[in-house]
2 protein chains.
Amino acid sequence: VSWLERELREQPEALARLLERQAPRAPELAEPFHRDDVHYILIVSRGSSSNAARYAQYVLGRAHRVPVAFATPSLYTLYGQPPLLEGALVIGISQSGASPDVNAVVAEGRRQGRPTLALTNDPSSPIARAADAVLPLEAGEERAVAATKTFLNSLGAVALLFAATTSDEVAFRELEQMPARVEEQLALSLAGKHALDAFGDIEGATVVARGVNYGTAFEVALKIRELSGRLVEAYSAADLLHGPIAAIGHGWPVIVLAPSGPALSGVEELLEPLRERGARVVVVSDDARLLADAETPLPLVIGVPEWLSPLTTVIPGQVAALRLAELRGLDLDRPEGLQKVTLTR
Amino acid sequence: VSWLERELREQPEALARLLERQAPRAPELAEPFHRDDVHYILIVSRGSSSNAARYAQYVLGRAHRVPVAFATPSLYTLYGQPPLLEGALVIGISQSGASPDVNAVVAEGRRQGRPTLALTNDPSSPIARAADAVLPLEAGEERAVAATKTFLNSLGAVALLFAATTSDEVAFRELEQMPARVEEQLALSLAGKHALDAFGDIEGATVVARGVNYGTAFEVALKIRELSGRLVEAYSAADLLHGPIAAIGHGWPVIVLAPSGPALSGVEELLEPLRERGARVVVVSDDARLLADAETPLPLVIGVPEWLSPLTTVIPGQVAALRLAELRGLDLDRPEGLQKVTLTR
């Protein structure tokens, strides 16, 4: 068995460990969010961590009701013109904690006297030393190049920050149930892993979502892309309609992430134009009607609160990425030309 | 002649008109940027306007030294949970001024008492009525579905805000020279339009850049995608290295935007890995050495200040999009399945 599959299956356990060890630190973690001088959150990240950052943009935006912005690292590194960060809480998300450009933004935040928080799987990494506070991802060592459990635990860490900053007991209880829900989703998705066998020869695909699962779409696209080397891209359903849908032709696979919730109507308005163009639509949903109408349905376990739905919605995408790479006979642990840790300036 | 080609050629004139009519308003336009309670800029946009917003993220970030964030419209519309905008200056960018989700963010900014500014080509549009102040794009009527002159003038408007907020006389003089530089670039790129004739049968392409031209990469990708229906995507050179490069295989076209300046080294580090993977590299640059080494060079006029380089760098991309669609015999003015104005919630 590959490290990738092992780590994929370890996700419920890794998430449970994160919650067990870090949930008790909630009041301490929430403290910088409540400072009077924090008007917005600035996140810096690369790769899979940027997809967890997109989740944070929705869930922290709603919880703390402050906008979440993404940093432009090159202003700090290549241009040497870092912005003034008055009003910012700076959060760095990095599995390895080693990328110089990500760390430069966190270090600049601290230099300017802003509160800084690092989410990293390595509490002895440079980013952990650069930040005031660290939220360890507690995923354990990850050996496959493609991130699975570190990504899931990044989502879990962001969800924990949501619960911590709102001090919402219901949110904590909902979050505590997620390791079990992720376990059920893994069983469901692995049992149905042959659903995509007809897609073994695809050239690429487009993954779409809206709202809280916008980042999930990017992560599913990245995972399939890394593991099978196919050209997979992600879009907000709304952005796709503003032009890029032009490239979706007859037979092109489109994976629509459509869990129940407020964003569902924003994704549904895309289904008709996609069918008119003859796209092969794969629907990931817990909605019985949508699944029944889909050419290729990938079911989600039901009853997961919408704000936590990325933690289960990503699973069928990870399993699809694994299966598509298997069908091509590729090395799951070392995708061609990729390294586990990428150092960019 | 198509409307697209006519409007592409009208760009120097449209830009000159914007500067002539709106540069005198610089002090008034700069006023909200200097308010003591403005700590960051929040931009809302869709489609090509989002690519102008990416330019604003770098150029206004450097000028005014405050971070530029992008709004998440679904929090305002689908979720009905708009963030608290204390500290924000809200800017909406929309050619038509008609998209409900974009306008919802501007209206919410105004409702919360924040300063709001609309960049639109239609000063009588809903976004213009929603905002406190309007910077008209002055591009004249645009009939082709794919934006050219409204995009260039959106860049010009952002550059004007840079000059206005810094009250930098050198910046104003550099900007005033841009209609002439865009004219030279158009002549150069149109004269060399057959350079891409060997690319007539491509399935897709990847466009990369960093820093101030990050948004230009997205616009070039969108333009080729809209006009020729090919699967064209854009990446920051740094993000591509963090995983997505896995899908760049032998013979895949990669268009590298590499004008001189601080971001050049960040783009150059990508060339070696791309060549190792056997990509067909197209280099858009004013750097003689890079052009000489490129399999397919697309030259830029020399001497354009780096902060204004997107206004010329986009031109070879627009011409490539036009040419690739011509080679396929497609309708340049009405790409299949697209409308000029897209209304998303």
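User: In this predicted model, exposed is taken to mean over 50% relative accessible area, and buried under 20%. Which residues of helix α9 of chain A are called exposed?

Analyst: Glu169(A) and Glu176(A) are exposed, so each has a relative accessible area over 50%.

User: Which residues of α9(A) are called buried?

Analyst: In α9(A), residues 169–176, the buried residues are Ala171(A), Phe172(A) and Leu175(A); each therefore falls under 20%. Their cover includes α2 (11–22), α3 (26–30), α8 (149–166) and α10 (178–191) of chain A.

User: What makes the buried residues of α9(A) lie on the same side?

Analyst: Ala171(A), Phe172(A) and Leu175(A) are the buried residues. They span an arc of only 100 degrees around the axis, which places them on the same side of α9(A). In an α-helix, residues three or four places apart point the same way, because there are 3.6 residues a turn. Glu169(A) and Glu176(A) are on the other side.

User: What makes the approach of Asp168(A) to Val170(A) a polar contact?

Analyst: At the start of α9(A), a side-chain oxygen of Asp168(A) comes to within 2.9 Å of the backbone nitrogen of Val170(A). The cut-off for a pair of N or O atoms is 3.5 Å, so the pair qualifies.

User: How do you know that β6 and β8 of chain B pair?

Analyst: Three bridges join β6(B), residues 204–209, to β8(B), residues 253–257. Pairing requires at least two bridges, so the condition is met. Val208(B) has Val256(B) as its bridge partner in β8(B).

User: Why are β7 and β10 of chain B at the edges of the sheet?

Analyst: The parallel, open sheet has the order β7-β6-β8-β9-β10 in chain B. β7(B) and β10(B) each have a single partner strand, so one side of each lacks a neighbour in the sheet.

Key: Residues are numbered from 1 along each chain as its sequence is written. Chains are lettered from A and ligands numbered from 1 in the order in which they are written. This is a predicted model: local features need pLDDT of at least 70, side-chain atom pairs count only at pLDDT 80 or more; totals for chains, interfaces and linings use all residues. Side-chain values use heavy atoms; hydrogens and water are left out. Helices (H or I, at least four residues) and strands (E, at least two) are DSSP runs, numbered from the N terminus. Buried means under 20% relative accessible area, exposed over 50%, partly exposed in between (1.4 Å probe, protein chains only). The arc is that of the directions from the helix axis to the C-beta atoms. Contact means heavy atoms within 4.5 Å. A polar contact is a pair of N or O atoms within 3.5 Å; within protein, one must be able to donate a hydrogen and the other to accept it, and residues adjacent in sequence count only if both atoms are side-chain atoms.
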